[in-house]
Amino acid sequence: MEAEFHSTRRPDHRSNQSTMAATRARVFLASAIAATALATWPTAAPVGSDQRTILHVLNRVGYGPTAAAIEQVKRVGVQGYIDAQLHPERLSDTAMAERLSGFTTLSKSSRELAADYFMPAMVERRNAQRRATQTGVADSPSAAGQAKARTPEQTEAMRMQRNVVGELSQQRILRAIYSERQLEEVLVDFWMNHFNVFVGKGQVRNYLTEYERDVVRPRVFGKFRDLLGATAQSPAMLFYLDNWQSAAPEGVATTADAQRSRNAVPRRFPGAGLPDRRRRLQDPDMRDRQMPGDPLVPQQQRSRGINENYARELMELHTLGVDGGYTQKDVQEVARAFTGWTIANPRLGGGFHFDPRRHDDGEKVVLGHRIKAGGGQSDGNAILDLLARHPSTARFIATKLARRFVADEPPAALVDRAARRFKDTDGDIREVVRTIVTSPEFLDDNSRRAKTKNPFEFVVSAVRSTGVDISNALPLVQSLRDLGMPIYGAQPPTGYADKADAWVNSGALLGRMNFAVALTSGRMRALGPIASTNPPSAEDARRTLFSVALADDVSASTSATVAKATTPAQTVALILGSPEFQKR
């Protein structure tokens, strides 16, 4: 699967002279940065000027400063800018929409993506296997051999399949770089990581576009319970954590059994008393739905039994937290409540479906709360209501948001206030975020440069501060893979780490330095020109980027290192590789 969502590098056709020059530049930068990049990174900056405050806000509420964003904050003030970001619906973002207009897959449904992109690739793979069986020639084990053996139809089908995740990955980067709604993009990233799904797991890729677009993005400023419920019913989450296969064990009374008992109608033939089968053929929303009375497909027959994966992660990672006060018995009871929450034909992009034949209809007790027997689908909804309003959830979510916006170890008083706001507003995300980003702790001296940028934040802020105009973001998608943070590529349910220790090591710093060189030297050929390398001298470049990216708040060591640069491109690369730029 890995090959299906990572971009392919284009060969570099530059002359030998240019290649040697780039090599010399890398050697120069490596020696120049070595003394500072591997040293202890700077602690929070002292109380700064208005410019430092502006950069602090732009680095936390968004993905870093641009010259235009700095001027915007100066015009409306810090509080005015924060308030505007808390209401993205009031901000015009037409330029962003125009930039994404060429991406044809972003508006398609999962059903359309399956039919037009994923199913053709699967059919071609099966055809290739059939041909290999008939001819007695096995596929070549090497990637080169496989590529050579592919038919034109196979090649095109695989290209179209990769294009879905490729466009989705590009839009995520482009929105973070260019959108006027910076806080919205930060929260999309936060909640996509909180409710993580992995693109490399089976049919998740079919549903990922819809998951971000229709499940997460519209709810990042809404009520937490709504977001929690939408993710619970998302086919992407159901498939990723295997709940779509979770069913009451054989011999356990199900909702379908109870329905038949209540109706007391003898079943003379399959489907008696059920919705008209002809309607299912005419209605695309019902066509793939597994109806009571239908035989279980082989996959469903093989998977009969309760799966606890979603129940465990729902409590540990999505709501209560690992210390939230639940037990293994609670996990088992929650898993029973979500039996029957499944997907109507994942390969065809079908949607959420509750199957009463698979739902454990018995009584459940979760966290001391009793759920009566016979509830059917409402059992799961009752669990979501209980968890969304639990005090442990308020504290867990408040802590994670405060960690994102303030510090790896956020002040306890701020977490208390944010958790209290969560409870007082019934989980209103906008109000909890407002509490955090307008707090004294947020603007305190100790919070400035207290956070280390993860690779996504580093790459996006580098592009924003240097003014690169991007026409094709695939090189950046590949760069994030090289830096250890592929978009949608976190395999565990925990998502990517939100603390510095996961991203601070000598190998990571070297990777960032290499990215800075590639970005500023023109080796990423699909990218446009870099505005900050256009000044006529290295000194002009230094003065411009020190101001825009760092508010002229740099150490003597960094200043001395950057002063060794002889060209604007080297200057910019050294600044992007500096310890100060790794912080936000």
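What share of the 584 residues in the protein is buried? Buried residues make up 54% of them. The legends below start with the whole chain and then move in on single sites of this predicted model.

**Figure 1. The whole protein, with its 30 helices and four strands.**
This opening view sets the scene for the close-ups. The predicted model has a secondary structure of 30 helices and four strands. Among the contacts with a separation of 6 or more, 76% join residues 24 or more positions apart. The protein exposes about 25,300 Å², and carbon and sulfur atoms supply 52% of that area.

**Figure 2. The second largest pocket and its lining of 36 residues.**
Here we look at a pocket that holds about 660 Å³ of space. Of its 36 lining residues, those nearest the centre are Asn193, Thr494, Gly495, Tyr496 and Asp498. Four helices each give two or more residues to this lining: H10 (182-194), H18 (309-318), H21 (391-405) and H25 (455-466). Which helix gives the most? That is H10, with five residues. By class, the lining of the second largest pocket divides into 17 nonpolar, eight polar and 11 charged residues.

**Figure 3. The largest cavity, lined by 19 residues.**
The count comes to three cavities of 30 Å³ or more, and this view shows the largest, with a volume of about 190 Å³. If you would like to find its centre, look for Leu55, His56, Asn59, Arg449 and Ala549, the lining residues that lie nearest to it. Helix H3 (50-61), H25 and H28 each supply at least two residues of the lining. H3 gives the most, with four residues. The lining of the largest cavity has seven nonpolar, four polar and eight charged residues.

**Figure 4. The second largest cavity, with a volume of about 40 Å³.**
Which residues line the second largest cavity? They are Asn59, Gly62, Tyr63, Gly64, Lys453, Glu457, Ser461 and Arg584. By class, this lining has one nonpolar, four polar and three charged residues. Asn59 may look familiar from the previous figure, where it is among the residues nearest the centre of the largest cavity.

**Figure 5. Thr466 in helix H25.**
We stay with H25, one of the helices that give two or more residues to the lining of the second largest pocket. Is Thr466 buried or exposed? Its relative accessible area is 1%, so Thr466 is buried. A polar atom of the Thr466 side chain lies 3.3 Å from the backbone oxygen of Val463.

**Figure 6. Tyr488 and Asp552, two loop residues with positive phi.**
Tyr488 sits in the loop between helix H26 (474-482) and helix H27 (506-521). Its phi is near 65°, a positive value in a residue other than glycine. Why does Tyr488 count as buried? Its relative accessibility is 7%, and buried means under 20%. Asp552 is found in the loop between helix H28 (538-550) and helix H29 (556-563). Although Asp552 is not a glycine, its phi is positive, at about 60°.

**Figure 7. Thr438 in the loop between helices H23 and H24.**
This loop runs between helix H23 (429-437) and helix H24 (440-443). Thr438 is partly exposed, with a relative accessible area of 36%. Its side chain reaches the backbone oxygen of Arg434 at 2.5 Å. Which residues does Thr438 contact, leaving aside its neighbours within four places in sequence? These are Gln79 and Ile82. For a partner far along the chain, look at Asp83: Thr438 and Asp83 are 355 residues apart in sequence and 9.1 Å apart in space, C-alpha to C-alpha.

**Figure 8. Asp257 in helix H14, shown with Asp360.**
The last view turns to helix H14, which spans residues 255-263 and includes Asp257. With a relative accessible area of 30%, Asp257 is partly exposed. How many residues apart in sequence are Asp257 and Asp360? The separation is 103 residues, and the C-alpha to C-alpha distance in space is 10.0 Å.

How values were computed:
Residues numbered from 1 in each chain as written. Predicted model: local features only at pLDDT ≥ 70, side-chain atom pairs only at ≥ 80, totals over all residues. Heavy atoms only, no water. Buried < 20%, exposed > 50% of the residue type's maximum accessible area, 1.4 Å probe, protein only. Contact = heavy atoms within 4.5 Å. Areas by Shrake-Rupley, 256 points an atom, 1.4 Å probe, with all protein chains shown as cover. 1 Å grid on protein atoms, 1.4 Å probe; cavity = no way out; pocket = protein on both sides within 12 Å on 5 of 7 lines; lining within 4 Å. Points joined across faces, edges and corners; volume = space filled by probe spheres on them. Nonpolar A, V, L, I, M, F, W, Y, C, P; charged D, E, K, R; others polar. Polar contact = N/O pair within 3.5 Å; in protein donor to acceptor, adjacent residues only side chain to side chain.
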